[in-house]
Each structure stands twice: as C-alpha cells, then as structure tokens.
Amino acid sequence: MNQHAPPSAADRPAYPALKDGFNSATVAWIAGRLAAAEPRFDAGAFQARCAQGFDALSLMARVGHVARVMAQCLPRPPQAALQALVRSLGPAPPPTREPQGIAAFRAAPHLQCVAELGLEVPEAALDAMEWLTCHFSGEFAIRAFLARHPGLTHERMRRWCSHPDPRVRRLASEGSRPLLPWAARVPLLLEDLRLGVGLIDALAGDPDEVVRRSAANHLNDISRLDAALALEVARRWHERALPDGERTLRQAMRTLVKAGHPQALALFGFVPDAPVQLRRLVLDEPHVPIGGRLRLSFELAHAGPGPLVVCVDYAVTYASARGGARRKVFKGQVSELPPGRPASFSYARDFTPRSTRRLYPGEHAIEVLVNGRPLGRARFELRA
C-alpha cells in the first residue's frame with residue numbers, strides 16, 4: 001500500500017455540512033423570537049412554510065427561503081414588520097473579534113427580509129438595517145437599496161462612516177464594494193468608482209482593524225477595475241501616515257503587487273527589475289494526487305553591495321476542463337536578501353478540491369515571482 005496516498009472518500013471522517021447548522025431548530029428559534037416581538041405573528045404557519053423544500057436547499061438558499069417566508073408572515077404595513085424584526089433580536093451584542101460560526105446565521109434572514117420588505121420605505125428599512133447589521137452583517141442586503149435608491153443610500157452610508165459602532169462603519173465600506181464576492185453587482189458602483197472612494201477615504205484610518213481591512217479590500221476591488229484611480233487613492237493614504245498604514249496598503253494593493261505593477265511596487269520600495277537570481281528550484285514530488293500536497297523550495301541571491309528587500313510570491317498554473325490553463329498567484333513573504341549569499345525559501349500548496357475550486361488532472365506548473373516578475377518555473381502532474 002502507498003503510505004503517502006491520500007485517504008479515500010470512505011476513509012475520511014464524515015463532517016456535517018455547513019448548512020446543517022442552519023436547521024429546523026434555527027427556524028424554531030426565529031419563530032419564537034418573532035412571536036414574542038409581534039403577537040400577530042403565526043409561528044406555526046411560519047415554521048410549516050419554512051419546512052417546505054427546506055432540506056434540499058444550500059445554506060444561503062435556506063437563508064433566502066426563510067427570509068421570504070418571514071416577509072409573507074409578518075404584519076403590514078412594512079414599517080410594522082421592520083419594527084418587529086428589530087424587536088425580535090433585541091439589543092446588539094458588543095463587538096467582538098471572536099468567531100461566531102454558524103450560530104450567527106440565525107440573524108441572516110432578518111437582514112434579507114429587510115430587503116424583501118423595505119424597498120418601498122427605504123428610510124425605515126435603512127434604520128432597521130443599521131440596527132440589525134450589529135447582529136449579522138448587512139453588506140448583501142444593502143445592495144438592493146444601492147440599486148433602487150442610490151442617492152439616499154449612499155448619503156446614509158456616508159453618515160455611517162462616523163457611527164460609534166464599528167460594524168455599522170464597516171457596512172459603509174463593505175456594502176459598497178464594486179466587486180463584493182458572492183453579492184449581486186450594482187451597475188452604479190461599477191460605473192462610478194469614486195462613490196466608494198469617498199467612503200473608504202474616511203475609513204482607511206479607522207481605529208478598528210476589521211473596518212480598515214474592509215476599506216483596503218474595497219480599494220483592491222477598485223484596483224482590478226481602474227489601477228490609476230487605485231494608485232491615486234493609495235498614495236493619498238500613504239501620505240496620511242494612517243494607523244497600521246503599511247498593512248492596510250499592502251492589503252489594498254495586493255492584486256497590483258502580485259501582477260508586478262511598477263507603480264504599486266514602487267509604493268512599497270520594491271524595484272520591479274531587481275537583479276535577483278533564482279537557484280535550486282525543486283518540487284518534492286513530480287506527480288501529485290488530487291487531495292495531495294506539494295512543497296517547493298528554492299534559493300534567491302543577488303550580487304549587490306547591500307541587502308535588498310523583495311516581495312516573494314509564487315504562482316500555480318492549473319489545468320482546466322477544456323485543455324486550457326488558469327493561473328493564480330499566492331502570497332509568499334517580504335524578505336531581505338543578504339548580499340553575496342543565497343537565501344532559502346520553502347512553501348507548501350495543497351490540491352484539495354473545494355466548492356470554489358475544481359481541480360483537473362494534467363500538467364501543472366509553479367512559478368517563482370520576485371517583485372511580480374517570474375524568475376523560473378517547474379512542472380508537475382496532478383493525477384486523479
């Protein structure tokens with residue numbers, strides 16, 4: 001038996017699916033809270049409607065399904081329903097950096113329900129969202145309001161930038177990201193990127209790290225659409241000497257740095273064509289099974305008179321289903337190369353299929369990048 005082969009599907013432990021944490025008990029908890037907040041709410045009818053087709057749905061489909069049933073079962077007018085949603089969750093818990101896990105998703109339908117009910121009463125809906133986002137982030141729900149009521153919603157988000165709760169301040173940045181992952185695209189945010197710039201400029205120096213990171217991710221979105229605008233903003237942030245500004249800027253400029261953009265590299269003092277030599281690039285295996293792991297090691301050297309600071313990354317070129325290739329850059333590290341002697345580097349990459357990453361057998365390659373410039377590559381085969 002090959003002792004290094006990955007375990008078969010039969011040998012692997014059966015972990016519960018994430019969606020199983022959002023289950024009938026979650027629906028019962030929501031029903032109880034809503035019934036306590038609103039006497040006219042029929043908890044039994046709500047649970048019966050939620051149960052229809054529930055088991056076959058994914059996690060986010062379950063959230064959307066429950067939200068739609070909530071909208072059907074809550075009393076009218078919409079303002080009364082929104083007030084019931086707010087009352088049902090009660091005071092917001094204090095901000096915490098501790099992960100809440102799947103339990104936090106029990107408040108997710110409330111935010112989605114605001115989008116279901118509140119588009120005709122946007123002021124009241126945004127009031128509710130401001131409160132509810134302290135229970136579960138509202139960046140997905142607010143997209144509908146940015147699309148239907150852009151001026152009113154943007155003005156509210158501008159005011160949120162100075163809100164005392166960091167979760168509300170983060171909503172101003174995260175909810176307006178032009179390329180927010182897994183979210184509906186809002187044409188206005190793509191057409192006028194400066195709408196978001198006005199928000200993240202106010203949040204780049206926020207005292208809360210999570211808010212700063214959201215502002216940086218927003219600017220990274222902009223860099224993928226308009227590099228010149230992103231660099232303009234990044235230079236402005238650099239000149240402001242923000243708290244933890246170096247980390248915020250690296251997060252914001254990561255896509256341009258990975259791509260070897262000269263002006264982005266210069267922002268951090270990296271030289272695009274730094275005289276660095278790649279030596280001894282070695283992969284620990286020529287053949288890697290899907291589900292396996294690969295380690296690459298190499299040396300970098302330079303012959304300059306003094307130490308040289310470089311950004312070291314690596315890229316994997318994956319085989320695709322139709323015979324093409326796709327390339328993804330992975331962050332390595334910022335390192336100082338000593339003069340006259342090589343420095344050693346080693347990285348590991350797993351090849352485990354995930355819901356967001358399908359893997360196909362075939363020839364793959366790994367490249368070593370220094371300041372965004374490829375210095376050499378090695379090939380390997382991914383096997384089923």
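**Notes on the cores and a helix pair**

1. A good place to start is the largest nonpolar core, which has 84 residues; Phe46, Leu219, Trp237 and Met253 are those with the most contacts inside it. Helix α3 (residues 59-73) supplies the largest share of this core, with eight residues. Please keep in mind throughout that this is a predicted model.

2. Met253 is worth a closer look on your screen. Neighbours within four places in sequence left aside, Met253 is in contact with Leu219, Asn220, Ala230, Leu231, Ala234, Leu267 and Phe268. Apart from the core of Met253 lies another one, of 27 residues, and among them are Ala274, Val312, Val370 and Ala378.

3. Now to a helix pair. The axes of α6 (residues 122-132) and α8 (residues 150-160) come within 11 Å of each other, crossing at roughly 30°. Angles under 35 degrees count as roughly parallel, so α6 is roughly parallel to α8. The crossing of these two helices, α6 and α8, is right-handed.

4. Which residues meet between α6 and α8? From α6 come Pro122, Glu123, Leu126, Asp127 and Glu130, while α8 brings Leu152, Thr153, Arg156 and Trp160. By type, the residues of this contact divide into four nonpolar, one polar and four charged.

5. Finally, the chain as a whole. The protein chain holds 16 helices and eight strands, and its C-alpha trace spans about 75 × 60 × 35 Å along the principal axes. Of its 384 residues, 48% count as buried. Taking contacts between residues at least 6 apart in sequence, 67% join residues at least 24 apart.

Technical notes. Residues numbered from 1 in each chain as written. Predicted model: local features only at pLDDT ≥ 70, side-chain atom pairs only at ≥ 80, totals over all residues. Heavy atoms only, no water. Axes fitted to C-alpha atoms, helices over the stretch in contact; angles between N-to-C directions. Helix = DSSP H or I, 4+ residues; strand = E, 2+ residues; numbered from the N terminus. Parallel < 35°, antiparallel > 145°, perpendicular 65-115°, else oblique. Left-handed = near helix turned anticlockwise from the far one by under 90°. Contact = heavy atoms within 4.5 Å. Nonpolar A, V, L, I, M, F, W, Y, C, P; charged D, E, K, R; others polar. Core = buried A, V, L, I, M, F, W, Y, C linked by side-chain atoms within 4.5 Å. Buried < 20%, exposed > 50% of the residue type's maximum accessible area, 1.4 Å probe, protein only.
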